[in-house]
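Hi,

Here's the structure I promised to pass on. Have a look at it first, then read my notes below.

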Amino acid sequence: MFTKVLFATSASPCCDAAARVAFDMAERYSAELVTFHVLGVPSRGYSQTVTDVRTGDQVEADEDYNQWVMEELKITYEKQLADCPECELATGTGVPYREVLRKAREIDADLIVMGASTTACEIPESHRRGVAGSTLQAVAKSSRCPVLVVNRPSASYWGGFSNVVFATDFSKASDSAFQFALKTAKEMGCTLNLFHAVDITGVHAGKSPDQDAIEDQVMAARKKIREKYVWQMDGFKEYDIDVWEGIPYVEIVKFAREKQADLIIMAHHTHEIDAEKAAFGSTLEQVLLRATCPVASVNRPDKI
Amino acid sequence: MPEGTLCNKQPVTTQEQLDALLKDKGGELYYKEMESLDVDTEKLWASIQKTCKSRTKTWLDICAHCGLCADSCFLYDVNDKDPKQVPAYKIQSTLGEIVKRKGKVDNEFMRMCMETAWSKCTCCNRCAMYCPYGIDMGVMFGYLRGLLYSQGFVPWELKIGSGMHRLYRAQMDVTSEDFVDTCEWMAEEAEEEWPGLTIPVDKENADIIYCINAREAKHYPEDISEAATLFHIAGENWTVPSNGWEMTSLSMFAGDWEACRMQVEEVYAAMDRLKPKRMVATECGHAFRATVTEGPYWAGLESGKPPVESIHYVEWVAEALRTGKLKIDPAKKIKEPVTYQDSCNYIRNAGLRDCAREILSYIAEDFREMAPNGDHNYCCGGGGGFNGIGRYRKQRNKALEKKRDQILATGCKLVIAPCHNCWDAIRDLEEEFDVGIRWTFLKPLLLDMVIVPEHLKPEE
């Protein structure tokens, strides 16, 4: 199912759950795995000096430094590498999301695996803003292949699959996510749960839709799922359709929990990558921070 | 030791030399070698006799030491009005002395000159506006840097930078293939959101040839993508050259005049080859100075102008907004107070003050000027190469205080800085002083507020 997996890591404990899935998948699918770490972000104008993403120190990103970081990476993933000797380690310098996208393009990756946010996981719980990392946001926006996000340790099991949840907002990007979900369900031989959440968050703004209207919307969404997706399934019978109402990200997480889903697949099509502005905007970002299973973000049809 | 292995009078001409320099962490060995680098006083004097023309000689002679330049210099101001930071003193005690002593100066003196030329002057040319005689210390420091470079007394990063220009015709190791591939990549990334968008490479007779700063290709390729999108929305017939796309010049900061010429000739060759109607330069200040203001003289062009009409990005934006090629959605104008960083190199030194204000009149509801501003604005604190030199980081950070205070006095949290150097300096000042401001180029702002014509929108 996957032949080239790019595991993009900040090499901090925040990426441990993602590491487990990445190495697991490489083994399961005999996929080539490239573990990629952007070691430094350009600083000091035009000079070669970079700010180390782990230590915050300003360093010269030369060959010696690179070697040193490579050694650190080997130690960090010593256990996993022992089971996956062909895994390639690579480092880069630059703006992390940009370099992850560059690397994915260079190796023609068909899947990127990442943690949700290193910054968010390393600051105390009380100060967390509950937002996905800026690197993830930007990678998910522009990636041509699906991006698998593993945030919570409980999500780090990529094993026997019985339930995949495809959550749709009926957008064009969701069409690509659907194709990936269908392919995954077929190959894994598991149930595909087609899900939509009717957004009634307007309640908080003082608007109180009557129950008939909500139920009409639920009915309409069920019909839409049938019309839009079911005919494309080419005889695949293992599917269910559900539509719930509420705050979309809450409903998606609840639904996945109830179904004991092993994977949630969604589109990430917000055009806003400014972390400040997108902080509370994206359903996907909330889902992947909260879900107890990995979440795959799919935007484009290219690499499915 | 007459010449060091890394620190010497030879320019970088091979990859091996460049790699050896890069391997020397922070220039440790380089600066050590500099301490015993011989000064070729005969060559220095011969060079002065040949290149120190009447203007410089006159300026050095007629300076009345009146001190009126003192308060014009932001470095004098932030350093507690240290008399050693008075522009006239700085140039008289360095270039003035070298000329007076007919080049007979020693190693220690040259190292003092290096420190003065690269950490006490950003070549912002503000002092020239306040000198009753119009003496331009910035121009003379540029000249002094050339003399120092030819003797091997140049900061490590700038020896590397000018070496990059010699080897790659770019300030960073970005080849023509890398650049073209990056353009293809950015077009691929944009194709879904912007159907029909292309980044045409080497298209002949286009209306616009677009030239950039190599950092955009190396680290911030979305800048190229944003430029492409705005040209696309504006319906421009444009192109980028596969060679000659880099218009910056770290060699200008370094005083490596030969590399300056080599670099700018590459850009002019692209203009000659592709015959565009005009060139649009990216949001960079020193790149404009190098390719448009000074470049023609390095390349020996008698007109004093590049081969085709060359305009800065702010000129293109002002024109596009004025003529309606780009239209701003009134609801998306910047509502919060916003200020503008006037880049010395294209505002004071190329007269584009009103252009920038015209843009702001279209996009901002609460534009607040810094004081002073326009032609009289202060350097961001990191110009002339200051931003990238590790050895003078402390002095550079001190220099940022002026800009910090200017920005804070406006009450704005958002600073528009359409210049890579200014952008860097303002980012650094936020990092250094944590004052809670944001900074941006024009392109991402415009993309947020421009009205996209229906026919360019993707089908949903």
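Just after helix H4 of chain A, A:Asp108 takes a positive phi of about 60°. Helices (H or I, at least four residues) and strands (E, at least two) are DSSP runs, numbered from the N terminus. One heads-up: this is a predicted model, where local features need pLDDT of at least 70, side-chain atom pairs count only at pLDDT 80 or more, and totals for chains, interfaces and linings use all residues. Residues are numbered from 1 along each chain as its sequence is written, while chains are lettered from A and ligands numbered from 1 in the order in which they are written.

Back to H4(A), residues 96–107: its 12 residues should span 16 Å at 1.5 Å a residue (the rule is 1.5 Å times one less than the number of residues), and its end C-alpha atoms are 17 Å apart, which agrees. Its buried residues (20 or more other C-beta atoms within 10 Å of their own, with C-beta atoms placed from the backbone) include A:Tyr97 and A:Leu101.

Now for strand E2(A), residues 32–42, where 9 of 11 residues are buried. Which strands pair with E2(A) in the parallel sense? E1(A) does so over 5 bridges, and E5(A) over 6; two strands pair if DSSP finds at least two bridges between them. A:Phe7 has A:Thr35 as its bridge partner, and A:Val38 has A:Gly92.

E3(A) runs antiparallel to E2(A), joined by 3 bridges. In that hairpin, with 6 residues between the strands, A:Arg44 takes a positive phi near 50°.

Cheers

Conventions: Buried ≥ 20, exposed ≤ 12 C-beta atoms within 10 Å, placed from the backbone.
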